[in-house]
Amino acid sequence: MRLVAIGLEDDDLSTSCYKLVTLRMQQRVHCVQASFYWRNIFYRLIKRIVMQLTAVLSQMPFFSGLSEEQLSTLAAIAAKKDVERGQIIFYESAPAEGFYIVLSGRVKIYKTGPDGREAIIHLYGSGETFGEVAVFQNSSFPAHSEAVEKSTLAFFPRKGLLDCIAKDPALALAMLGSMSKKLRMFTKQVEALTLHEAPQRLASYLLYTSEEKDGAVTFKLDVSKGLLAGMLGTARETLSRTLSKMADRGLVSVEGRQITIEDMAALEDLAEGEIVL
């Protein structure tokens with residue numbers, strides 16, 4: 001043999017082959033052990049993320065009434081998504097491949113007119129869902145969505161959601177209840193935009209904000225005046241003039257974004273159309 005010719009006897013060859021085979025086996029064992037180790041780390045990390053998201057979902061009205069097992073099932077299909085301010089989340093007419101929950105930050109839903117002006121349909125904050133109706137309809141998104149500040153979202157893919165619902169129909173019932181509440185909210189919003197003038201809409205918004213802040217009469221607006229004007233379906237200049245008129249009448253006082261309701265009863269009358277500015 002050639003190996004013998006260069007100085008290796010048969011016994012040396014056998015020993016070398018044995019060592020080589022042993023080394024290869026040890027390397028494979030180490031690779032398998034490493035694979036199991038990292039796989040275990042990965043599964044533990046995923047489990048921890050699912051548990052954290054389950055805890056977050058349990059605090060959200062959209063999922064109220066669901067058991068911990070049902071929440072864990074939904075959390076397992078979710079994907080976390082970080083978006084920067086001004087980043088588009090989806091465009092109008094894009095296929096609705098899933099819906100979103102705002103974990104932190106804020107997102108606006110809006111449409112644009114032929115002149116490029118934005119009409120803000122709604123502003124969603126932490127704990128609120130958006131895009132779910134189009135998902136259940138298996139249709140496209142009816143408006144644009146954009147982050148108004150740095151935000152973290154949870155994305156639930158349509159296919160995964162429908163698979164969960166097929167196994168547990170109670171999930172659909174809980175979500176339908178939440179969507180019914182949202183429909184009533186949008187009905188009131190459409191009524192306000194079509195039947196009420198700008199002062200009434202602004203008065204209603206200030207009263208709503210006060211109520212959301214546990215009845216506080218002094219609070220800071222959570223949105224810029226430009227965004228607020230878009231939400232109320234008016235121009236920023238009109239919003240500023242209306243606030244000035246409210247201040248002149250003694251209904252509110254304004255300092256930057258800080259609003260103080262000086263006359264709650266008069267503001268309620270304005271919202272109901274009992275008085276005009």
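In this predicted model, Glu-92 pairs with Lys-111 in a salt bridge whose closest N and O atoms lie 2.7 Å apart. The two residues belong to distant parts of the chain, 19 residues apart: Glu-92 sits in the loop between strand 2 (88–90) and strand 3 (98–104), while Lys-111 is part of strand 4 (residues 107–112). As for solvent contact, Glu-92 has a relative accessible area of 30% and is partly exposed. Its partner Lys-111 is likewise classed as partly exposed, at 33% relative accessibility.

Strand 4 also supplies a residue to another pair, in which Lys-108 forms a salt bridge with Glu-118. Here the closest N and O atoms are 2.7 Å apart. This contact again joins distant parts of the chain, with Glu-118 in strand 5 (residues 118–124) and Lys-108 in strand 4, ten residues apart. Glu-118 counts as partly exposed, with 32% relative accessibility. Lys-108, in turn, has a relative accessibility of 7%; this value falls under 20%, so Lys-108 counts as buried.

A further salt bridge brings together the side chains of Asp-222 and Lys-213, with an N to O distance of 3.5 Å. Asp-222 is partly exposed at a relative accessible area of 42%, and Lys-213 is partly exposed as well, at 30% relative accessibility.

The pairs described here are among the five salt bridges that the structure holds.

How values were computed. Residues numbered from 1 in each chain as written. Predicted model: local features only at pLDDT ≥ 70, side-chain atom pairs only at ≥ 80, totals over all residues. Heavy atoms only, no water. Salt bridge = Lys/Arg side-chain N within 4 Å of Asp/Glu carboxyl O. Helix = DSSP H or I, 4+ residues; strand = E, 2+ residues; numbered from the N terminus. Buried < 20%, exposed > 50% of the residue type's maximum accessible area, 1.4 Å probe, protein only.
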